[in-house]
Amino acid sequence: MLNSLALALLIAVGASTPVSDPIPGVTWNARHVEHLLNRATFGARPGEIEAGVAAGPELLIDRLLNERADIEEPFIEPLTEPSARAYKELSTDEQKLLKRDYAERERRQQLECIGWWVDRMVKGDDPLLDRMTLFWHGLLTSSTEQVNRSYPMVEQHRFLRRNALGSYSDLLYGIAKDPAMLLFLNNNSNRKGNPNENFARELLELFSLGIGNYTETDIKEAARALTGRGSSRDGKFEFRAGQHDGGVKTVLGTTGKLDGDGLVKVILQQEACPRYIARRIITYLEGVAPETARLDDYAACLRANEFQIKPFLRKLFLDPEFYRDEVIGARVQGPIDYMVGMTRRLGNQAPPLVVASGAALLGQRVLAPPNVKGWDEGLSWISTSTFMQRGNLAGLMLGIVRIDDVLNQADLLARNNDAPMEPASDGSMQGGEPMMTSEQKEAMAKRLRSGVKGGFAYDALRRAQEAGWTPSINFTARLQRQGVTSDAAIVDRMLDDLLAIHAGEETRAQMLAFLTNERVQLSVRDGKLLEGGPAVERILRRLAHVILSLPEAQLM
Amino acid sequence: MNHDQQGIDRRALLAGSLGALGGMIVLGSRAQARVRLSGPLEERSAPGGTRTLVLLQLTGGNDGLSMVVPFGDDVYGASRAATRIGANEVLKLDGYRGLHPALKGLRALYGEGRVALVEGCGYPNPIRSHFQSFEVWHTGNLGGRNSGDGWVGKLCDAAWPKDKSPELVVHVGATAPYALYSMSHPPLAFRTPATYRWVGVESDDLKAYRKAAEADMRKLESSGQEAMLRRLRGILDDANESSAKVRRAVGRFTTTIPYPDDDLGEAMRVAASLVDARLGSRVVSVELSGFDTHENQRGPHDTLMRRLDASLAAFMADMKARSAGDEVIVAVFSEFGRRVKENGSRGTDHGVAAPMIVLGNKVKGGLHGKHPSLTELDSGDLASTTDFRSVYGTIIDRWFGVDHTLVLGAKYPTLEFLPA
């Protein structure tokens with residue numbers, strides 16, 4: 001089964017002559033295609049890798065950069081909180097209802113946008129656009145936690161999306177008058193004579209130049225230039241001339257009656273600006289910061305193309321350095337990468353909000369980064385506990401672990417202190433006598449339950465479960481279609497299909513030992529496992545669960 | 001090939017690849033280290049006995065002037081309007097300064113001599129970026145992350161180099177601050193102990209999952225991948241080893257003290273249970289966020305002070321009654337204070353010096369350091385009077401019994417908030 005990208009590539013290949021060696025020193029193969037699709041999209045689906053190899057790098061990259069899907073965006077309205085006057089004529093109960101209705105509409109509008117976006121990532125019609133929108137969302141970032149309104153947040157998302165493969169210059173001019181951003185960094189109260197430096201500081205430090213490329217005085221002067229910019233009551237950009245400081249400022253060596261646009265112009269002229277942006281993009285896509293000479297080269301590329309992103313990305317994806325050993329398969333998947341990639345590979349038709357909730361549970365909430373620095377990428381995603389949670393979410397996505405299993409503390413309640421923590425093969429707990437009184441047990445269970453806050457992610461998962469969603473997965477049929485029969489071939493195929501990287505020999509051997517052991521318990525000969533009846537699908541899903549919980553499943 | 005031989009081969013290979021890859025490589029998993037160090041090498045008489053430090057980070061830049069209020073200073077009253085806390089409101093410590101009115105528990109503990117306030121903490125050439133300033137606080141070095149591991153990581157290397165138990169350093173929260181960053185002693189981190197586990201459907205699955213942390217890394221195609229996998233296996237191995245221990249410690253912990261029903265209260269209760277269970281946790285890190293009060297500061301900051309006070313008071317009350325209570329101190333810090341003069345939006349912008357708080361049954365309570373002048377400012381900000389590394393240094397020297405120059409790379413004057 002081919003999806004749209006694979007199909008389009010195959011058609012295109014027929015009409016073109018492959019060019020030899022477009023990337024010096026890189027003999028284009030499946031490993032390179034998978035790497036490119038891991039980083040530039042949200043992971044390859046079956047069929048895409050073969051098609052990408054056949055197409056060659058230039059065709060594949062041009063398609064990623066230039067082919068746009070025609071997609072309808074979600075409907076969005078500028079909700080405003082009911083005015084004090086509207087409340088005044090109502091009874092207390094009616095006021096409550098009105099308030100609740102407004103909050104509910106805000107919540108729904110935002111969830112709709114999140115679901116829509118995650119669905120786009122999973123479907124993968126515009127994968128590079130979605131990848132870069134996520135990048136800009138983490139760089140020119142605002143959080144709904146502070147903005148607290150759906151309309152400007154969704155509008156900011158649409159703005160980033162419109163320009164994600166356009167020009168950084170447009171992005172910077174635009175974000176400096178973006179209502180959600182102005183709300184997020186308190187520019188509404190940045191007034192002549194009473195400056196608020198918050199936005200000015202982050203604009204220079206995090207959005208354009210990086211620390212060390214401006215002084216504290218530059219920040220104070222930049223804040224003056226930004227005075228008067230704010231968000232109106234209905235969440236639109238507003239320039240309040242009366243609050244703007246029209247006096248002479250000196251920012252980064254330029255003196256004049258700078259306003260917001262004048263300030264952005266000065267920033268874009270700085271040598272540090274293309275360097276900062278080049279470093280951020282390369283670090284995001286490669287997983288490691290570039291060396292100085294290479295950074296200079298890419299900064300010059302941004303400058304020469306007036307900050308256009310497409311030529312920059314084309315250069316990067318055709319750069320042999322992008323395919324070097326240090327880079328391939330060595331980037332830790334972020335929660336969105338992990339959840340979206342898993343959903344794509346499993347093809348399990350998970351509701352987008354379930355996918356988004358899983359990512360939130362693992363630390364990455366769309367539209368709500370933890371602070372103005374966005375998300376720290378790389379190993380910081382993996383703690384002892386998020387590592388295990390990832391595996392639990394894989395179990396949920398496979399339909400073999402239930403929410404209550406994750407929250408169930410029976411194992412701790414039933415066993416004594418020193419017994420090993422392993423359930424018996426029938427899933428029951430065995431072993432020592434409980435050491436706690438029943439009141440203690442109850443108190444502990446209650447506390448552990450109440451400790452599971454941050455509820456919305458678990459709630460979304462639970463709602464989906466209660467609504468009867470079960471993942472549509474049939475490994476048995478998939479493998480049969482592929483003509484795979486032996487234990488070894490099944491393990492190879494599962495590892496290939498489920499991981500974004502190539503697993504090592506010992507891991508492969510361990511998975512094979514696991515599968516063989518389960519097959520023997522079923523009393524089926526090697527080569528006949530898929531004919532072993534209904535119990536087989538469960539074994540394959542358990543194998544998938546272990547694979548998706550492995551260290552290898554965290555990399556791309 | 002038996003398991004032992006395999007282990008040795010793997011280590012030999014590890015050493016070889018480390019050399020080949022130079023400084024880029026990420027160090028190996030603790031599983032491998034434990035193979036080497038199991039048995040007689042385990043240390044019983046480690047520095048600092050069984051003592052614990054709870055590090056409480058106030059994220060966002062706490063307005064020190066609203067926490068320890070110089071109500072007796074006319075300049076304070078003149079510089080603040082919406083954020084001013086009046087002389088009639090403060091919980092007075094003397095004729096000049098008083099605590100924020102919500103810090104009632106802290107005031108009582110101060111009266112008992114269990115709270116040390118170290119005033120005017122900061123560092124030379126202050127940075128007003130949240131992230132860069134945190135790097136300085138987290139590493140104890142003006143070079144930030146470029147100088148290497150976090151200061152707690154360096155403390156572990158100096159004090160307990162051979163202690164490989166994963167519970168040595170614990171962060172209760174989503175992401176451990178860089179202070180805990182360490183190649184050789186990476187921290188545990190969990191937001192809530194309840195879900196700190198991997199759910200295997202069958203026991204075979206659990207076995208396969210655990211074995212995955214021990215898998216070999218030969219024949220991998222990419223060097224970068226090899227380094228990352230090694231690191232990930234170390235984390236998974238730590239998780240497998242600690243998850244049951246931690247959940248048991250928290251689950252079995254009983255207390256009569258009602259901890260606040262918020263994230264910090266929950267985290268402090270977990271900290272108390274780790275201390276009480278004597279799991280060997282030397283540093284437990286917790287966090288309270290929301291201090292970046294550029295706009296309409298008073299209400300939100302009051303709430304934060306109330307939360308801080310409730311959790312600290314509960315924890316200290318709990319520790320008063322426990323035998324392990326004398327074995328713990330709490331240190332409270334933030335990345336910077338805020339500007340003396342209020343901004344135009346009833347809030348405050350990023351500043352410099354602010355007080356730190358150290359609490360504990362064994363602490364020498366009272367005022368330490370020196371209150372910064374409100375008139376001799378450093379570009380509008382309070383100039384620091386006490387290098388925060390003197391506070392770290394004092395804790396390292398006197399609480400953990402380790403020469404702090406080994407951790408901080410330089411000698412800082414020791415303070416008197418802990419007995420020599």
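Student: What percentage of the 420 residues in chain B are buried residues?

Tutor: Buried residues, those with 20 or more other C-beta atoms within 10 Å of their own (C-beta atoms being placed from the backbone), make up 57% of chain B. Please keep in mind that this is a predicted model, in which local features need pLDDT of at least 70, side-chain atom pairs count only at pLDDT 80 or more, and totals for chains, interfaces and linings use all residues. Residues are numbered from 1 along each chain as its sequence is written, and chains are lettered from A in the order in which they are written.

Student: Then what is the average pLDDT of chain A?

Tutor: pLDDT is the predictor's confidence in each residue, from 0 to 100. Chain A averages 88, and 87% of its residues score at least 70. Over residues 414–435 of chain A the value is below 50, though this stretch has 30 contacts in the model beyond near neighbours in sequence. A contact here means two C-beta atoms, placed from the backbone, within 7 Å.

Student: How many residues does each chain bring to the contact between chain A and chain B?

Tutor: Chain B gives 65 residues and chain A gives 73. On the chain B side, α8 (223–252) is among the elements that supply at least two residues each; helices (H or I, at least four residues) are DSSP runs, numbered from the N terminus. The largest share, 19 residues, comes from α8(B).

Student: How do I read a pair of packed helices?

Tutor: Two packed helices are described by the angle between their axes and the distance between the axes. Axes are lines fitted to C-alpha atoms, for helices over the stretch in contact, with angles from 0 to 180 degrees between N-to-C directions. In chain A, the axes of α20 (residues 384–397) and α28 (residues 535–549) come within 8 Å and cross at roughly 150°. That makes α20(A) roughly antiparallel to α28(A), the term for angles over 145 degrees. A:R390 and A:G391 of α20(A) are among the residues making this contact, as are A:H545 and A:L548 of α28(A).

Student: At roughly what angle do α26(A) and α28(A) cross?

Tutor: Roughly 50°, with the axes of α26 (residues 487–498) and α28(A) coming within 10 Å. The two are therefore oblique to each other, a word for angles from 35 to 65 or from 115 to 145 degrees. Here A:M494, A:L495 and A:L498 in α26(A) meet A:L543, A:A544, A:I547 and A:L548 in α28(A). By class, this contact has seven nonpolar, no polar and no charged residues, where Ala, Val, Leu, Ile, Met, Phe, Trp, Tyr, Cys and Pro count as nonpolar, Asp, Glu, Lys and Arg as charged, and the others, Gly among them, as polar.

Conventions. Buried ≥ 20, exposed ≤ 12 C-beta atoms within 10 Å, placed from the backbone.
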